[in-house]
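Q: Could you take me through the charged side-chain pairs in this protein, and how open to the outside their partners are? A quick word on any greasy surface spot would be handy too.

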Amino acid sequence: MASELRVDRIIPVNGVPTGGGGGIIQVVPFFSTSGTDVTTTSETNIEASKVSITTMGTNSLILYYASFSTESDLLASSNGFLSLKYSQNNWSSSTYVYTDKRLNTTQIQDSQGSALHTVTMYHKSTWAAATTVSYGISFQKSSSSSVYFNQQSLSGQPSGTSNMAMGWIMEVSA
């Protein structure tokens, strides 16, 4: 039996924020086959995770989602740390969304194949409307062995295919 819900408005229990709020303004998807080989324990920006958005609202909430794979040369599992960053100058410089927080991820050893990582983070922006901002993930690891994001031509990979990262960035009215 099919159901139907018809409403004129849905209002939060605490009322609608001044100027409205809570609505999705825009969603920008991204797909990338760019690879990043992290060979150091220093923090490295992951090229396949970068996406730009030009805000339509002011002080919007920015939701960021990405899914990407890694292949490592590790002999044993180790820790990795993911951070959300943003840039307003094409990555000449960047700023952490959270200066004191990281997502921990486990990098599996080479003999176990590839690992899939999914990241969802948010940023309460202070941008004016029509501001172009790029967001992306940076990665730091505890081992000196190589970790490759979005590596291509892996053993057993179907012929003619590319590994990719994908995700979206969403602007929501605050």
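A: Let's start with the yardstick: a residue is called buried under 20% relative accessible area, exposed over 50%, and partly exposed in between. Keep in mind that this is a predicted model.

On to the pairs. Side chains of opposite charge can pair when their charged atoms come close. Here the cut-off is a Lys or Arg side-chain nitrogen within 4 Å of an Asp or Glu carboxyl oxygen, and by that rule you get 2 salt bridges.

One of them joins glutamate 47 to lysine 50, with 2.9 Å from N to O. Glutamate 47 has a relative accessible area of 41%, so it lands in the partly exposed class. Lysine 50 comes out at 22%, and therefore counts as partly exposed.

The other links aspartate 100 with lysine 101, at 3.3 Å from N to O. Aspartate 100 shows 60% relative accessible area, so this one is exposed. Its partner, lysine 101, is at 48% and is partly exposed.

Now for the greasy spot. Phe31, Met164 and Met166 make up a nonpolar patch on the surface, and together they offer about 300 Å² of accessible area. Methionine 164 sits in the loop between β11 (147-149) and β12 (165-172). With a relative accessible area of 39%, methionine 164 is partly exposed. A patch member needs over 30%, so methionine 164 at 39% clears that bar.

Technical notes: Residues are numbered from 1 along each chain as its sequence is written. This is a predicted model: local features need pLDDT of at least 70, side-chain atom pairs count only at pLDDT 80 or more; totals for chains, interfaces and linings use all residues. Side-chain values use heavy atoms; hydrogens and water are left out. Buried means under 20% relative accessible area, exposed over 50%, partly exposed in between (1.4 Å probe, protein chains only). Patches are made of residues with over 30% relative accessible area and no salt bridge: like charges are joined within 9 Å, nonpolar side chains (Val, Leu, Ile, Met, Phe, Trp, Tyr) within 5 Å. Accessible areas come from the Shrake-Rupley method with a 1.4 Å probe; for residues, only the protein chains shown count as cover. Helices (H or I, at least four residues) and strands (E, at least two) are DSSP runs, numbered from the N terminus.
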